[in-house]
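These are my notebook entries on a structure that I went through by topic. I began with charged contacts and then turned to strands and empty space.

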Amino acid sequence: MKTMKKTVICAILGMTAVGGYAQIGFNLDTYAGAQIATKDLNGTARYVGMGGAMEALGADISTMSTNPAGVGLFRKSSVSTSFGLNVQQGGKSFHDGSKVNASFDQIGIVLATQMTPTSYVNFGFNFHKSRNFDFVLSAADLAYNGSSLHRQTYVKALRGDLDTDKNKNLVHPYRESQIDQLNYRIIDRYDPKDKTKYVESISPRGIDYMFDRSHTGYIGEYDFNLSGNVNNRVYWGITLGIHDVHYNAYSEFSENLEPDPKYPDIKYAKYTDDTQITGTGYDVKAGVIVRPMEESPFRFGLSVATPTWYSLRSINYTTIGDQYGVVDNIKDDIEFRLDTPWLFGASVGTTIGREWALGASYEFADYTSLDLRAITSRNYNYWNDSYVNRSKTDHEMKKLTNRNLRGVHTLKCGVEFRADEMISLRLGYNYVSPMYEKSAVRDQTIDSPGVYMASTSDYTNWNDTHRLTAGVGFTFDKFRLDLAYQYSATNGLFYPYMSSLTGSNVDKDGKPFTMTNECHGVDVSNKRHQLLCTLNYTF
């Protein structure tokens, strides 16, 4: 059996806490990467009220980040700002996470410049929250057949997944997850009189567990747009987007354990993890809208967005404790890279008289192409007095991403009815297909830096997302007030650690034995209500 002495752990803690140094590596894996790569339905209240189906209809500043050609339909300059309220259904407040959160969602301006009687060149800037992380996830269950997070480390040792020397100490602590390093404090026992003498390892059976995590923060997207139209028949646009990541997560995972007859003091274990991810990324979006028949308002649009190329930094503080308090802790400060998938879109839209506007959009992104990259070197640039990071793909994590994720299809439909010159009514529906395979597992045994640096073990396989939206708009000369409501629902299965892991070895009497650590998925949901208000001024 492979072990780790307390002195080695103390040395590890000393190394990881040294003066803010950012390691070359990363602790981001497929699941965390997918969370940062996805986007919410957010923007102006008109855009949200129509389910986001305005890529071909255009003339809304939120299309700047989906089909930039939509900004080319503006014929007058416009400035707008949006804010609202987000409410988590059935959730609870935990740590910094709350069920109810106010949000500043959007502010932007479009400057329309008429070049000819039928052609415009427009310039635009828009900020909006592409991702709102405010969400509290909670789960609890009975342990299946005595499984526990402690036992998972024990089974990994049986399998030979942990790299130890002949004295059963960890040879390369940075090549073991933070969870495994901390678990060694409890599953490995030493002679009471001689703390350097290994006695045996135990694997306490689990009784039940409880998990809570508060997600807070956002990804802000700053878009700079150049767009226009040719004879009111062909509309074009290009947008440079800068993404600003502010993600915070605090979790507590506790499990009750059956006391071992030899060691009755081990009854409870609690893990806490406080993680912050910050950084920036950029992408380029381009689009076109065509009105093929001069006598018809029908038009179709095509759009494409490059991957968002992120440079990120993760800082975490992780502890393990028992019923008497905190036993040990680990800190890490890590830099890494993340490249999201390409995004392709197609849309159609038309108006019927002056009363009706109809739109539909389709988007596709292949999340198997999500690329998590380890920083391999840092070179100094003398020209601008800065450092340039070089990175490479984590190929083992890439294989896991290919197994766990899939292509995602997004369908948007929306309708607007203009009751009179002052009032408009809107309805929309937005559907996002599942990103995760049903058999997806956060594999904690692969040879990947994303496993070595892992400070948590849980994962959730989320299903498809359904969004229902409605809105109303009031026009007062040059001013417009838009209100929108959005209901979003996603269900999923939560796992506290790998769904199944089996290891074999021989006991101290030389008898072979096999042990399996297994857990079942727990039903969880992310159901949210959003109220959104947009103030718009046209000039």
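Entry 1, salt bridges. In this predicted model, I first looked up Asp283 and Lys285, whose side chains meet in a salt bridge with an N to O distance of 2.9 Å. I then asked whether Asp283 is buried or exposed. Asp283 has 2% relative accessibility and therefore counts as buried. Lys285 has 1% relative accessibility, so Lys285 counts as buried too.

I next took the pair Arg313 and Asp333, which forms a salt bridge with the closest N and O atoms 2.4 Å apart. Arg313 belongs to strand β12 (residues 309–322) and Asp333 to strand β13 (residues 325–339), so this salt bridge ties together parts that are 20 residues apart in sequence. I noted Arg313 as partly exposed, because its relative accessible area is 32%. Asp333, at 10% relative accessibility, counts as buried.

I also recorded a network: Lys39, Glu221, Asp223, Asp283 and Lys285 are joined by salt bridges that share partners.

A search of the whole structure gave me 26 salt bridges. One of them links Lys412 and Glu55, with 3.2 Å between the closest N and O atoms. Which parts does this pair tie together? Lys412 lies in strand β18 (residues 407–418), and Glu55 lies in the loop between α3 (45–49) and β2 (78–88), so the two parts are 357 residues apart in sequence. I found both Lys412 and Glu55 to be buried.

Entry 2, strand β11. I followed the side chains along β11 (residues 299–305) and saw that they alternate. Arg299, Gly301, Ser303 and Ala305 point to one face and are buried. Phe300, Leu302 and Val304 point to the other face and are not buried. This is in keeping with a general rule: in a regular strand, side chains alternate between the two faces of the sheet.

I then looked up the partners of β11. β10 pairs with β11 in the antiparallel sense over six bridges, and Val288 stands opposite Leu302 in β11. Strand β14 (residues 343–352) also pairs with β11 in the antiparallel sense, over seven bridges. The bridge partner of Val304 in β14 is Phe344.

Entry 3, cavities. I asked how many cavities of 30 Å³ or more the structure holds. I counted seven. I chose the second largest cavity, which holds about 110 Å³ of space. Its lining has 14 residues, and Phe253, Tyr271, Thr456, Ser457 and Asp458 are the closest to its centre. At least two lining residues come from each of β8 (205–230), β9 (234–258) and β10 (268–290). β10 gives the most, with three residues. By class, I sorted the lining of this cavity into six nonpolar, five polar and three charged residues.

Entry 4, the largest pocket. The largest pocket holds about 1400 Å³ of space. I listed 44 lining residues, of which Arg46, Ala59, Leu73, Arg418 and Arg480 lie nearest the centre of the pocket. Several strands each supply at least two lining residues, among them β2, β3 (100–116), β18, β20 (459–476) and β21 (479–495). How does the lining of the largest pocket divide by class? I recorded 13 nonpolar, 14 polar and 17 charged residues.

Conventions. Residues numbered from 1 in each chain as written. Predicted model: local features only at pLDDT ≥ 70, side-chain atom pairs only at ≥ 80, totals over all residues. Heavy atoms only, no water. 1 Å grid on protein atoms, 1.4 Å probe; cavity = no way out; pocket = protein on both sides within 12 Å on 5 of 7 lines; lining within 4 Å. Points joined across faces, edges and corners; volume = space filled by probe spheres on them. Helix = DSSP H or I, 4+ residues; strand = E, 2+ residues; numbered from the N terminus. Nonpolar A, V, L, I, M, F, W, Y, C, P; charged D, E, K, R; others polar. Salt bridge = Lys/Arg side-chain N within 4 Å of Asp/Glu carboxyl O. Buried < 20%, exposed > 50% of the residue type's maximum accessible area, 1.4 Å probe, protein only. Pairing = 2+ DSSP bridges.
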